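Biologist: Please take a close look at one part of this model, the surroundings of the ligand. Then follow with how the neighbouring topic, helix packing, is arranged.

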Amino acid sequence: MRYRTLGTNGPQVSVVGFGAMTVAPVYGGVEERDATETLLAALDAGVTFVDTADIYGAGYSETLIGRTLEKRRDEYVLATKFGGNQDANGILIPGMGRPEYVRQALDASLSRLRTDHVDLYYLHRLDPTTPIEETAGALGELVQAGKIGGYGLSEVSARTLRRAHAVHPVRALQTEYSPFQRAPEDELIPACAELGIAFVAYSPLGRGLLGGQVRAADDLEAGDWRRNNPRFQGGNLERNVSLADRVATLAAEQGVTSAQLVLAWLVDRGALPIPGTRKAANARANAAAGDLALDASAFERLEEIVPPDAVAGAQGNESYLANLDTA
Ligand code: ATR
């Protein structure tokens, strides 16, 4: 595993992290024993960057991490998020960027995580009812107080990122980024490079499409969140699976799996991917991508096979898109 500094002066983190959304039942059910084993396998394989959020399984992901990794707290950099709660229509609940909410949400997360600090605390989605400066100010105070090592933003525009950074330096920006989601290359990635902010890629495997395990809508369990995502529906899914098949062929030629090729591509581009999985074997395979030295020509071929707008279907359904910051 290779390691990199998180942002300008943050801690060292493994170039491949672990996204702990799917240890909660979001992409289908998961046995607690498997989730625990997967988390431990990731750490044992050299992963030192664990990412969660208060909303993943309504606190379950954080609770599981607290329970499983409490005794190994000094071995990894812990990131969590607040401000992503939604109403019954999937729309963000207003007011989650307010300073008092931020402090209260952090205390609840720390208690579930069984720790006295997190290394990175993200605003999960911009609160349209609170100026970002107010939220950034509250987060800056939590840094000063030592309760968080630094703060991050997720799915915000470059404009919002700059406004927050002017109040208190942002440590990391987390956004969906993969061969199926190239939009961050336009403004966000250059802004992060300019400001010394780490760029963390969530859904690096296109929510599993690029891992090759999802081939048809019926592969998704009844309660799987992805059933509501346009990229996993009808003709879009067919088109995306055929793209993933071509990636699999290229990966096989390189002697790696599709997931490993895609993760290595992301690392090569300076991103920190945080793939999620419910399987210890996949956690180990993903961690191994943090050591791969593939030839640049493999990455060029990947970009030819999946050009920037190749994916079919929007990033999410209507309410998902409505919650993204487009300022
Ligand atoms: P997210 O950030 O939304 O969790 P992701 O990391 O792009 O999304 O993809 C997660 C999905 O990729 C999971 O459904 C996971 O399936 P398992 O839980 O069955 O492993 C799948 N995935 C993760 N690692 C994989 C690998 N090495 N090979 C194939 N599929 C993988």
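Modeller: In this predicted model, a side-chain N or O atom of lysine 279 lies 2.7 Å from an oxygen atom of the ligand. Glutamine 213 also contributes through its side chain, with a polar atom 2.9 Å from a ligand oxygen. At glycine 206 the contact comes from the backbone instead: a polar atom there is 3.3 Å from an oxygen atom of the ligand. The ligand would expose 640 Å² if taken alone, and the protein buries 95% of that area.

The shell around the ligand holds 20 residues. Lys279 is among the closest, together with Tyr27, Leu205, Thr277 and Asn282. By class, the shell divides into 10 polar, six nonpolar and four charged residues.

As for the helices, H4 spans residues 132–144, and its axis comes within 8 Å of the axis of H5. These two axes cross at roughly 45°. An angle from 35 to 65 degrees is neither roughly parallel nor roughly perpendicular, so H4 is oblique to H5. The crossing of H4 past H5 is right-handed.

H5, residues 158–167, also packs with H6, residues 188–195: their axes come within 9 Å and cross at roughly 20°. That angle falls under 35 degrees, and H5 and H6 are therefore roughly parallel to each other. H5 passes H6 in a right-handed crossing.

Conventions. Residues are numbered from 1 along each chain as its sequence is written. This is a predicted model: local features need pLDDT of at least 70, side-chain atom pairs count only at pLDDT 80 or more; totals for chains, interfaces and linings use all residues. Side-chain values use heavy atoms; hydrogens and water are left out. A residue is near a molecule or strand if one of its heavy atoms lies within 4 Å of it. A polar contact is a pair of N or O atoms within 3.5 Å; within protein, one must be able to donate a hydrogen and the other to accept it, and residues adjacent in sequence count only if both atoms are side-chain atoms. Accessible areas come from the Shrake-Rupley method with a 1.4 Å probe; for residues, only the protein chains shown count as cover. Ala, Val, Leu, Ile, Met, Phe, Trp, Tyr, Cys and Pro count as nonpolar, Asp, Glu, Lys and Arg as charged, and the others, Gly among them, as polar. Axes are lines fitted to C-alpha atoms, for helices over the stretch in contact, and angles run from 0 to 180 degrees between N-to-C directions. Helices (H or I, at least four residues) and strands (E, at least two) are DSSP runs, numbered from the N terminus. Angles under 35 degrees count as roughly parallel, over 145 as roughly antiparallel, 65 to 115 as roughly perpendicular and the rest as oblique. A crossing is left-handed if the near helix is turned anticlockwise from the far one by less than a right angle, and right-handed if clockwise.
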